[in-house]
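Open the model in a viewer and keep the selection panel at hand. The stops below run from confidence to cores to rings.

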Amino acid sequence: MPVFALVDCNNFYASCEKLFDPTLKDKPIVVLSNNDGCVVARSAEVKALGIPMGVPWFKIQQEAKRYGIVAFSSNYALYADMSNRVVEILSSFSPNIEVYSIDESFLELSGFERFGYRAYGQRILQQIADWLGLAVCVGIGPTKTLAKLANHCAKKKLAGDQGVCDFTTMMPAELSQLFGRIEVGEVWGVGRKISAKLEAMGIHTVRQLRDADAETVRSRFSVVLERTVRELRGISCLDLAEVVPEKQQIMSSRSFGTLVYDLEGLEEAVASYVSRAAEKLRKQDSLAGAIQVYIRTNIFKPEVPQYQRAMTIPLPEASADSRVLVGWAIKVLRRIYRPGYGYHKAGITLLEIVPKTNQQFSLFVPPEMENGRNERLMATLDAINGRYGRGSLRVAAEGVTKGWQMRRGNLSPGYTTEWGGLGKVVAA
Amino acid sequence: MRELLMDLARVPGLFVPLLHAPRLPLPIDEVRVSAGFPSPAADYENKRLDINEYLVRNPVSTFFFSVEGDSMQGAEIFDGDILVVDKSIRPRHGQIVIAFVDGQRLVKRLFRRGGRVALTAENPAYAPLEIQEGMELMIWGVVTGKFKRFGA
């Protein structure tokens with residue numbers, strides 16, 4: 001019988017900024033996305049002002065002036081470092097950990113029951129507060145969905161105590177009462193669309209969803225929501241995500257039944273291969289940072305004029321979007337195509353595969369562009385060159401190096417990631 | 001940036017400059033000998049000394065700050081030094097600490113005796129800072145060491 005804990009940091013980005021800067025104590029602060037666009041994090045003071053998440057910064061200039069809201073550009077280096085530290089501490093509490101996002105992790109705690117789960121959760125919370133100065137909430141339950149819900153209760157003080165809420169020690173009647181007071185939209189996996197549909201069916205509370213007929217839910221919605229219903233009932237359907245090494249390359253290619261002489265035919269083939277590979281890419285929640293296209297004549301017929309060429313380009317931004325990938329692949333193809341040959345095989349490979357960004361980032365694309373972006377691009381080019389042979393690598397046509405400089409006007413120093421960014425203490 | 005994000009998706013123990021600074025060279029353990037005769041030095045082989053290990057006891061809770069000013073000279077803390085600060089150590093009377101007071105980041109010695117809390121300097125030119133009612137004091141961490149590199 002598994003027991004899950006969901007530990008997440010309160011106002012993570014804002015908390016990281018406040019941790020190192022004493023002038024921000026009790027001040028309303030926000031953290032902005034790329035190009036200082038939208039609010040991606042709010043301190044408790046800003047939440048209290050009713051300013052919503054995701055609002056464009058320029059739209060709330062009035063409030064900013066009136067309440068003295070300080071805005072910061074995202075200091076991803078800092079947040080990543082603090083996140084790694086949190087995860088390192090959590091790992092000492094359980095070997096079974098799933099890093100769900102930059103500020104949320106699931107732990108599996110069966111085996112630690114002798115401490116009492118709630119007490120254990122309290123120890124986790126305290127150590128993170130003492131060692132890192134970050135406030136977290138801990139939700140504990142027999143399923144991931146319930147752990148997430150318990151965390152919500154801890155955070156909003158609906159149940160539990162001092163930031164820790166343990167459903168496993170609550171009486172069924174107590175839980176039912178609690179679930180009857182929580183909107184169904186707060187359940188993990190129930191977004192706006194689904195909750196609207198549920199409400200239309202008369203399901204408004206978590207309790208009602210828990211008690212809904214599973215079959216009906218499956219037929220009216222999906223197997224996924226049915227699983228959620230079961231999880232709400234305490235039946236664990238979701239394990240900790242296992243760390244499976246993602247495919248580092250995804251290839252898609254085919255030999256042609258009849259020789260292809262014209263560019264259009266090759267373009268069609270390449271487009272379909274890219275689409276197929278992109279599907280696999282998306283299925284493993286990855287993005288590709290580079291793409292290789294190759295075409296060749298029939299090498300098993302040496303009497304026929306031979307031509308084969310491959311070209312690899314790094315993408316300006318890692319992507320899993322078929323249209324983007326197909327677009328680049330076609331560009332590359334047009335560069336390597338030579339008329340007059342009977343092509344026998346074409347293929348593509350998606351390279352530089354990285355995990356897709358997590359939920360907190362998903363609305364706001366992470367910055368690929370920093371100072372030194374060009375160095376990184378070149379480093380990637382060189383790495384690919386080194387691996388696939390010199391000459392196989394060219395920078396693609398216009399657009400690739402026309403980098404846009406990301407505006408990050410309010411970036412805090414690299415307190416923990418740059419020697420030049422250390423916080424200064426005054427000996428005075 | 002991609003690299004940082006990749007890191008986040010995996011289990012901990014990853015590259016972070018502060019936490020996993022490269023160790024100095026690896027142990028000397030390949031000693032070629034003629035068969036049957038072990039090197040007399042073998043028993044004394046140790047891995048080379050590592051500054052990180054010496055200065056940082058608890059990497060996950062350790063942070064660095066740079067010093068500006070001369071009020072702690074008596075404790076051999078000088079302008080330009082980098083302080084090693086451990087947040088996991090419970091601050092006690094007499095320890096050198098980083099304190100956030102009234103919007104400032106200070107390095108001071110903590111005085112805490114008989115209900116009186118003060119932050120003292122190690123330089124006769126500076127008076128102790130008494131912590132009164134209503135003053136906001138947060139002891140950020142304990143200074144466990146310092147280092148400096150000469151030149152640039």
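pLDDT is the predictor's confidence in each residue, from 0 to 100. This is a predicted model, so colouring by that score is a sensible start.

**Confidence**

Select residues 389-405 of chain A: pLDDT stays under 50 there, and the model has 44 contacts for this stretch beyond four places in sequence. Then select residues 242-246 of chain A, where pLDDT also stays under 50 and the contacts beyond four places in sequence number three. Where pLDDT is low, the predicted coordinates should not be read in detail. For chain A as a whole, the average pLDDT is 84, and 86% of the residues score at least 70. Among the elements of chain A, strand β7 (residues 136-141) has the highest mean pLDDT, 98, and helix α14 (residues 359-362) the lowest, 31.

**Nonpolar cores**

Next, select A:Met82, A:Ile128 and B:Val107. These residues have the most contacts inside the largest nonpolar core, which has 60 residues. Helix α4 (residues 76-91) of chain A gives the most to this core, with eight residues. Centre on B:Val107 and show what surrounds it: beyond its neighbours within four places in sequence, its contacts in chain A are A:Val425, A:Val426 and A:Ala427. On the chain B side, the contacts of B:Val107 include B:Met72, B:Ile77, B:Leu83 and B:Val143. Now move to a second, separate core of 38 residues, with A:Leu325, A:Val326, A:Ile336 and A:Leu350 among them.

**Aromatic pairs**

Over all chains, the structure holds 25 aromatic pairs. Select A:Tyr307 and A:Tyr343, an edge-to-face pair at 6.3 Å centre to centre with 80° between the planes. A:Tyr307 is in the loop between β10 (286-297) and β11 (308-319) of chain A, and A:Tyr343 is in strand β12 (residues 343-355) of chain A, so the pair ties together parts 36 residues apart in sequence. Both A:Tyr307 and A:Tyr343 are buried.

In chain B, select B:Phe65 and B:Trp140, which are edge-to-face at 5.0 Å centre to centre and 85° between the planes. Because B:Phe65 lies in strand β1 (residues 62-69) of chain B and B:Trp140 in strand β7 (residues 137-147) of chain B, this pair ties together parts that are 75 residues apart in sequence. B:Phe65 and B:Trp140 are both buried. Extend the selection to A:Phe20, A:Tyr415, B:Phe63 and B:Phe100, which ring pairs link with B:Phe65 and B:Trp140 into a cluster.

**Charges over rings**

Add A:Arg85, which lies over the face of B:Phe63 at 4.0 Å from the ring centre. Finish at A:Trp328, where A:Lys331 lies over the face at 4.5 Å from the ring centre.

Terms used:
Residues numbered from 1 in each chain as written. Chains lettered and ligands numbered in written order. Predicted model: local features only at pLDDT ≥ 70, side-chain atom pairs only at ≥ 80, totals over all residues. Heavy atoms only, no water. Helix = DSSP H or I, 4+ residues; strand = E, 2+ residues; numbered from the N terminus. Contact = heavy atoms within 4.5 Å. Core = buried A, V, L, I, M, F, W, Y, C linked by side-chain atoms within 4.5 Å. Buried < 20%, exposed > 50% of the residue type's maximum accessible area, 1.4 Å probe, protein only. Phe/Tyr/Trp six-rings, centres within 6.5 Å; stacked < 30°, edge-to-face > 60°. Lys NZ or Arg CZ within 6 Å of the ring centre and 35° of its normal.
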